[in-house]
Amino acid sequence: MALFSMDVENLQQLFVEQLRDLYDGEQQITEALPKLIDKANSSQLKAALQEHLQVTRQQISRLDQIFKQLGERASGETCKGMKGVIAEGDSLVSKSNDPAVTDASIITSAQRVEHYEIAGYGTVKTFARQLGQNAWVQLLSQTLEEEKEADHKLSQIAGTINVRAREAA
């Protein structure tokens, strides 16, 4: 049970609960990305992951702004979904000895994280709009667009890496 667990009886409470979930997910990502960067072989992939680590820190800062305005603590939820997606990714990445296949596995894992985040941020953005909080909509929209950009960049990098992975012994 979460330390700050509460019943969810209205949209505002659901919004806060989901923001806490996203916040924890972003914290998990900041711990996971350096490990993926170390395992990546492609300099282009390493650079994209490093860039997204910095962006993730900015995203956490935006969430902190919203929590401050809400008068709520950011912590309290464990994002079990993100924990599972990251664990699956770690397992997948560790299964290959070929550099190109490892990089393809990293991209696969990172894109699953991005898709999970896109779903979460799309949802809380809609909630913020319903709650009439246009400033929060703008902050969440910025993060949502960054997640979509990261996914797109990974897809572009995958074009080259997947060809190498296909040719792996």
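Visitor: Which residues are buried in helix 3?
Guide: This is a predicted model, so take the burial as computed from it. Buried means under 20% relative accessible area. In helix 3, the residues that count as buried are Met 82, Val 85, Ile 86, Gly 89 and Val 93.

Visitor: Seen down the axis of helix 3, within what arc do its buried residues fall?
Guide: An α-helix has 3.6 residues a turn, so residues three or four places apart point the same way. The buried residues of helix 3 line one face of the helix, because the arc they fall within, seen down the axis, is 95°.

Visitor: And which residues are exposed on the other side of helix 3?
Guide: Exposed takes over 50% relative accessible area. On the side of helix 3 away from the buried residues, the exposed ones are Lys 80 and Glu 88.

Visitor: How far does helix 3 reach from its first C-alpha to its last?
Guide: Helix 3 covers residues 80-93, which is 14 residues. At 1.5 Å a residue you'd expect 20 Å, and the model comes close to that, with a reach of 20 Å.

Visitor: Moving on, are helix 4 and helix 5 roughly parallel or roughly antiparallel?
Guide: Helix 4 (residues 99-130) and helix 5 (residues 134-166) have axes that come within 8 Å and cross at roughly 160°. Angles over 145 degrees count as roughly antiparallel. So helix 4, relative to helix 5, is roughly antiparallel.

Visitor: How many residues of the contact of helix 4 with helix 5 are nonpolar?
Guide: The crossing of these two, helix 4 and helix 5, is left-handed. Their contact includes seven polar and nine charged residues, and the nonpolar ones number 19.

Visitor: What about helix 2 and helix 5: how far apart are their axes?
Guide: Helix 2 and helix 5 are roughly antiparallel to each other, and helix 2 passes helix 5 in a left-handed crossing. They pack at an angle of about 165°, and the distance between their axes is 10 Å.

Visitor: Which way is the crossing of helix 1 and helix 4, left-handed or right-handed?
Guide: Helix 1 and helix 4 pack at about 160°, axes 10 Å apart. That makes helix 1 roughly antiparallel to helix 4. As for the handedness of the crossing of helix 1 and helix 4, it's left-handed.

Visitor: Last one: is Asn 41 partly exposed or buried?
Guide: Asn 41 sits in the loop between helix 1 (11-39) and helix 2 (43-70). Buried would need under 20% and exposed over 50%. With a relative accessibility of 42%, Asn 41 therefore counts as partly exposed.

Note on methods
Residues numbered from 1 in each chain as written. Predicted model: local features only at pLDDT ≥ 70, side-chain atom pairs only at ≥ 80, totals over all residues. Heavy atoms only, no water. Axes fitted to C-alpha atoms, helices over the stretch in contact; angles between N-to-C directions. Helix = DSSP H or I, 4+ residues; strand = E, 2+ residues; numbered from the N terminus. Parallel < 35°, antiparallel > 145°, perpendicular 65-115°, else oblique. Left-handed = near helix turned anticlockwise from the far one by under 90°. Nonpolar A, V, L, I, M, F, W, Y, C, P; charged D, E, K, R; others polar. Expected span 1.5 Å × (residues − 1). Buried < 20%, exposed > 50% of the residue type's maximum accessible area, 1.4 Å probe, protein only. Arc of directions from axis to C-beta.
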